[in-house]
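Thanks for coming. I will go through one chain today, starting with what holds its interior and then moving outward to the separate elements.

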Amino acid sequence: SSGINAEWPLRPGEKTGADYSEVVEVLNNESGSGLRAYCFLRVTTGDEMSVRSKFALITWIGPDVPPLKKAKVSTEKGLVKKVVENFSCEIQASDIEDVTLDKIVNEAKRCGGANYGVGK
């Protein structure tokens, strides 16, 4: 398992509880380039002394989204944040490289507070 679970929907009426790889597949295909999407992901982080779940809110603005629709993101994101209130980090992305598993996990760790491990 990747240690990441996604809660979407990317578009109204779509399923929730998708695997991270499914989210990336949608964002990386042709329709993802013109998509505005909000993904809520659970990331399991920690060290040998403390394992915990952190949540990331990812705002996806595809590279082909027209300017007026890009402008609507700030309003939409405010509404999303009223529903999804508890998250450790927020990532805004328009390139699939911005939402790689490593980048998301590293950002969640960075925002997640202290690591108490012995450094192994």
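By a nonpolar core I mean a set of buried Ala, Val, Leu, Ile, Met, Phe, Trp, Tyr and Cys residues joined through side-chain atoms within 4.5 Å. Please keep in mind that this is a predicted model.

With that in place, the largest nonpolar core has 20 residues, and the members that touch the most others are Leu27, Leu35, Ile58, Trp60, Val99 and Ile104. Which elements give two or more residues to this core? They are H1, E2, E3, E4 and helix H4, residues 101-111. There is also a second core, separate from that one, with eight residues, including Tyr38, Phe40, Val73 and Val84. As background, nonpolar side chains in soluble globular proteins tend to be buried together.

Now the overall layout. The chain has four helices and four strands, and along the sequence they run β-α-β-β-α-α-β-α. Of its 120 residues, 36% count as buried. The accessible surface is about 7,200 Å², and carbon and sulfur atoms account for 51% of that. If we take contacts between residues at least 6 apart in sequence, 58% of them join residues at least 24 apart.

Next, the strands. E3 and E4 pair in the parallel sense, over five bridges. To give one example, leucine 57 has glutamate 90 in E4 as its bridge partner. Strand E4, residues 89-93, shows an alternation along its length: Cys89, Ile91 and Ala93 point to one face and are buried, whereas Glu90 and Gln92 point to the other face and are not buried. That is the usual background for a regular strand, where side chains alternate between the two faces of the sheet.

A residue to look at in strand E3, which spans residues 50-61, is threonine 59. Is threonine 59 buried or exposed? Its relative accessible area is 1%, and the cut-off for buried is under 20%, so threonine 59 is buried. Leaving out residues up to four places away in sequence, threonine 59 touches Ala37, Tyr38, Val73, Lys77, Ile91, Gln92 and Ala93. Two of the names in that list, Ile91 and Ala93, are on the buried face of E4, and Tyr38 and Val73 are among the members of the second core.

On to aromatic pairs. The count here is one. The pair is phenylalanine 40 with phenylalanine 55, and it is stacked, at 5.2 Å centre to centre with 5° between the planes. Phenylalanine 40 is in strand E2, residues 36-47, and phenylalanine 55 is in strand E3, so the pair ties together parts that are 15 residues apart in sequence. The two rings differ in burial class: phenylalanine 40 has a relative accessible area of 18% and is buried, while phenylalanine 55, at 28%, is partly exposed.

Now the helices, one by one. In H1, the buried residues are Tyr20, Val23, Val26 and Leu27. They cover an arc of only 125° around the axis, so they sit on the same side of H1. The face turned away from that buried side carries Glu25 and Asn28, which are exposed. Valine 23 belongs to this helix, residues 20-28, and at 4% relative accessibility valine 23 is buried. Its C-alpha atom is 9.9 Å from that of valine 99, which is 76 residues away along the chain.

Helix H3, residues 73-83, has Val73, Lys77 and Val80 buried. Why do these count as one side of H3? They cover an arc of only 60° around the axis, and that puts them on the same side. Thr75, Leu79 and Lys82, on the other side of H3, are exposed. For reference, an α-helix has 3.6 residues a turn, so residues three or four places apart point the same way.

Last, H4. Ile104, Val105 and Ala108 are buried there. Their arc around the axis is only 95°, which places them on the same side of H4, and on the other side Asp102 and Arg110 are exposed. Valine 105, in helix H4, has a relative accessible area of 18% and is buried. Between the C-alpha atoms of valine 105 and lysine 54 the separation is 9.2 Å, with their positions 51 residues apart along the chain.

That is what I have on this chain. I am happy to take questions.

Methods: Residues numbered from 1 in each chain as written. Predicted model: local features only at pLDDT ≥ 70, side-chain atom pairs only at ≥ 80, totals over all residues. Heavy atoms only, no water. Buried < 20%, exposed > 50% of the residue type's maximum accessible area, 1.4 Å probe, protein only. Contact = heavy atoms within 4.5 Å. Phe/Tyr/Trp six-rings, centres within 6.5 Å; stacked < 30°, edge-to-face > 60°. Arc of directions from axis to C-beta. Areas by Shrake-Rupley, 256 points an atom, 1.4 Å probe, with all protein chains shown as cover. Pairing = 2+ DSSP bridges.
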